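This briefing is meant to be read alongside the sequence and the structure. It takes up selected helices, strands and single residues, grouped by topic.

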Amino acid sequence: MRPLPLSLRAVAPALLAAAAQIAAPRPLAAQDIDLVTTADRIFGAWNNTHGPGCAVGVARGGTTLLERGYGMADIAGERPITPATILESGSVAKQFTATAVMLLVKDGKLGLDDDARKYLPELPVYDRPITVRHLLTHTSGLREWSNLMAWQGWPRGTRVHTQPFVYSVITAQKALNYPVGAHYSYTNSGFLLLRTLVERVSGQSFADFSRDRIFTPLGLTHTRWRDDFTRIVPGLAQAYRRASDGWRIDMPTDNIIAAGGLLTTVGDWLRWNDALTKKTLGAAVVDSLTRQMRLNSGLEIAYALGLTVGRYRGTLEIAHSGSTAGYSTYLARYPQLGDLSIAVLCNVAGAGATQYTRQLVDALNPTLPRAAAADTVVADQAALLPWRGLYEDTRWHAVTTLDTAGGRLRQGNTPLRALRDGTWLMGNLRVRLAMDRDGRTRTIRTVTSDGDSVIYVWRAQSAWKPTPTELAAYAGRYRSDEIGNTFVVTVEGSVLTVSPRVGVVDSLVPTFRDAFDGSDNAVWFTRDAKGRVNAMHFGASRVWDFVSTRLP
């Protein structure tokens with residue numbers, strides 16, 4: 001096997017020194033560090049010839065400082081990752097789809113606040129119109145298509161999903177997760193609809209429109225859409241996931257694009273970011289991409305048009321992460337740091353592309369402020385005891401547990417740290433506990449990074465242990481016309497199971513009465529006025545309440 005070169009490509013020291021002179025609010029100590037050595041340290045776990053890895057690109061002020069590869073693009077073929085290796089974007093592709101839409105806005109062919117049904121009449125009429133802007137910002141309320149496919153018994157990777165079929169399922173949904181514009185809930189469905197919208201308005205295929213209006217004008221010569229996953233793409237890296245006995249190939253096997261599915265290189269991504277900085281496609285187009293969305297309540301969220309606008313260590317970060325099959329990615333730019341741009345594309349599931357990007361930011365900008373230490377206090381252990389129990393999320397009905405084992409309050413496996421102001425920290429999220437005067441109603445309120453709140457309500461002291469007779473009340477057939485499926489619920493010994501089709505069975509774990517945990521979603525049952533079970537519900541972060549009705 002050929003040894004992996006330790007230096008695949010790096011710029012000359014003189015170029016680094018020149019780039020370091022570019023003005024920035026805080027000094028970028030590029031002239032004081034060896035960027036190659038720094039990258040080698042950050043990506044050291046992947047710098048070998050027997051596993052997958054990552055490609056990384058760094059630029060500042062439009063000048064490339066580093067392009068480098070680590071690990072193998074093809075393990076069996078002994079082909080290393082280089083800066084020229086093509087990898088898949090994951091959801092970083094969404095900003096390209098948003099740009100395609102904005103070019104049509106610039107052309108005067110559509111408006112962001114147009115009712116999407118003007119172009120997509122197959123959409124149902126909901127209580128409030130879904131606009132093009134709602135589709136771009138994950139505020140439409142549309143259910144996530146991949147969850148719907150999984151509940152048909154066909155999760156991604158088990159069959160080839162196509163745009164026409166998925167489009168038909170998305171537009172068959174009579175209910176939304178929430179009133180249009182009321183919340184932010186990440187969903188790929190909106191971007192799949194945007195693909196069809198672009199095609200209908202432009203009169204071109206989505207791939208051709210992107211090529212003609214974005215990729216070719218900007219010199220993104222290695223960038224294209226994966227609209228046919230069987231097409232041979234020279235230079236494409238295989239994607240992998242780790243298994244108990246070694247690496248396994250984990251490639252996307254569908255033709256779903258626009259929400260993801262962009263094939264590209266780190267060099268093209270650096271050119272793309274530079275084009276955004278210079279507003280090459282027009283200020284109206286580029287400025288719109290970073291205009292953050294406001295919910296109906298007036299709350300401004302971090303998500304804009306296919307991009308997230310936030311702050312990292314006090315500095316502006318315009319970025320997006322991506323993950324699909326065995327690819328993990330992150331693309332970010334930092335306008336206040338001399339237009340610093342970092343692209344990371346990995347061909348291994350679960351790789352820390354976001355973490356690697358920010359480690360490079362830290363190395364290049366060591367003077368950025370650190371977050372202040374949390375003002376924690378020692379909690380009153382006796383006061384914690386009433387909080388123990390099972391809590392249900394009031395949006396997607398996930399169940400979590402608060403426990404005080406070992407003298408520490410934990411939500412699931414995550415410790416909660418008490419703060420002086422009476423709130424708690426769960427990881428980086430601030431949590432507020434509340435209890436009414438009689439102690440019967442207990443809630444956990446988690447404040448998201450956008451300032452939105454997710455509320456969990458206490459349901460039981462401990463997990464429910466139903467008898468086989470109690471489980472038998474749920475057995476039967478349940479129908480959903482929205483996905484054209486009939487679910488079969490049975491009792492196998494002392495376990496309740498649900499099957500969407502022959503050969504696919506999910507075992508349900510009881511949580512509290514009438515509620516269960518499935519393999520990747522919550523399941524609960526509702527009853528009629530006589531107490532008879534009449535419906536089964538699924539809930540997940542991207543599909544809040546999916547109902548199937550019990551058949552006679």
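Immediately after helix α7, Gly-203 adopts a positive phi of about 80 degrees. The model is predicted, and the values below should be read with that in mind. A comparable arrangement is found after α3, which is followed by Gly-108, a residue whose positive phi is near 80 degrees.

**Helix α7 and its surroundings**

- Helix α7 spans residues 189-202 and has 14 residues, and the distance of 20 Å from its first C-alpha to its last is close to the 20 Å expected at 1.5 Å a residue.
- The helix is mostly covered, since 12 of its 14 residues count as buried when the cut-off is under 20% relative accessible area.
- Among the buried residues of α7 are Phe-191, Leu-192, Leu-193 and Leu-194, together with Ser-189 and Gly-190, and the list continues with Arg-195, Thr-196, Leu-197 and Val-198 before it ends with Val-201 and Ser-202.
- The buried residues of α7 pack against several helices, namely α3, α4 (132-137), α5 (145-151), α6 (163-170) and α8 (206-218).
- Arg-195 lies in α7, and because its relative accessibility is 12%, Arg-195 counts as buried.
- Once the neighbours within four places in sequence are left aside, Arg-195 is in contact with Gln-163, Phe-206, Asn-255, Ile-257 and Ala-258.

**Helix α3**

- Helix α3 covers residues 94-106, has 13 residues and reaches 18 Å from its first C-alpha to its last, which is close to the 18 Å expected at 1.5 Å a residue.
- Of the 13 residues of α3, 11 are buried, so the helix is largely enclosed by the rest of the structure.
- The buried residues of α3 include Lys-94 and Gln-95 as well as Phe-96, Val-101, Met-102, Leu-103 and Leu-104.

**Phe-165 in helix α6**

- Phe-165 lies in helix α6, and with a relative accessible area of 34% this residue is partly exposed.
- Although Phe-165 and Ile-256 are 91 residues apart in sequence, their C-alpha atoms are 10 Å apart in space.
- With its neighbours within four places in sequence left aside, Phe-165 is in contact with Met-149, Gln-152 and Arg-159.

**Positive phi outside glycine**

- Most residues other than glycine have a negative phi.
- Lys-279, which is not a glycine, has a positive phi near 55 degrees; this residue lies in the loop between α9 (266-278) and α10 (283-289), and at a relative accessible area of 35% Lys-279 is partly exposed.
- Asp-514 likewise has a positive phi, of about 75 degrees, although it is not a glycine; Asp-514 lies in the loop between β25 (504-510) and β26, and with 14% relative accessibility Asp-514 counts as buried.

**Strands β22, β23 and β29**

- Strand β22 (residues 476-480) and strand β23 (residues 485-492) run antiparallel and are joined by 5 bridges.
- Ser-480 stands opposite Asn-485, which belongs to β23.
- The hairpin of β22 and β23 has 4 residues between the strands, and within this hairpin Gly-484 takes a positive phi near 65 degrees.
- β22 also pairs in the antiparallel sense with strand β29 (residues 543-550), in this case over 2 bridges.
- Within β29, Thr-549 is the bridge partner of Arg-479.

**The cavity**

- The count comes to 1 cavity of 30 Å³ or more, and the largest cavity has a volume of about 30 Å³.
- The lining of the largest cavity is made up of Glu-392, His-397, Val-399, Phe-512, Ala-515, Phe-516, Ala-522, Val-523 and Trp-524.
- These lining residues divide into 7 nonpolar, 1 polar and 1 charged.
- Both β26 (515-517) and β27 (522-527) supply at least two residues of the lining, and the largest share, 3 residues, comes from β27.

Note on methods: Residues numbered from 1 in each chain as written. Predicted model: local features only at pLDDT ≥ 70, side-chain atom pairs only at ≥ 80, totals over all residues. Heavy atoms only, no water. Expected span 1.5 Å × (residues − 1). Buried < 20%, exposed > 50% of the residue type's maximum accessible area, 1.4 Å probe, protein only. Pairing = 2+ DSSP bridges. 1 Å grid on protein atoms, 1.4 Å probe; cavity = no way out; pocket = protein on both sides within 12 Å on 5 of 7 lines; lining within 4 Å. Points joined across faces, edges and corners; volume = space filled by probe spheres on them. Nonpolar A, V, L, I, M, F, W, Y, C, P; charged D, E, K, R; others polar. Contact = heavy atoms within 4.5 Å.
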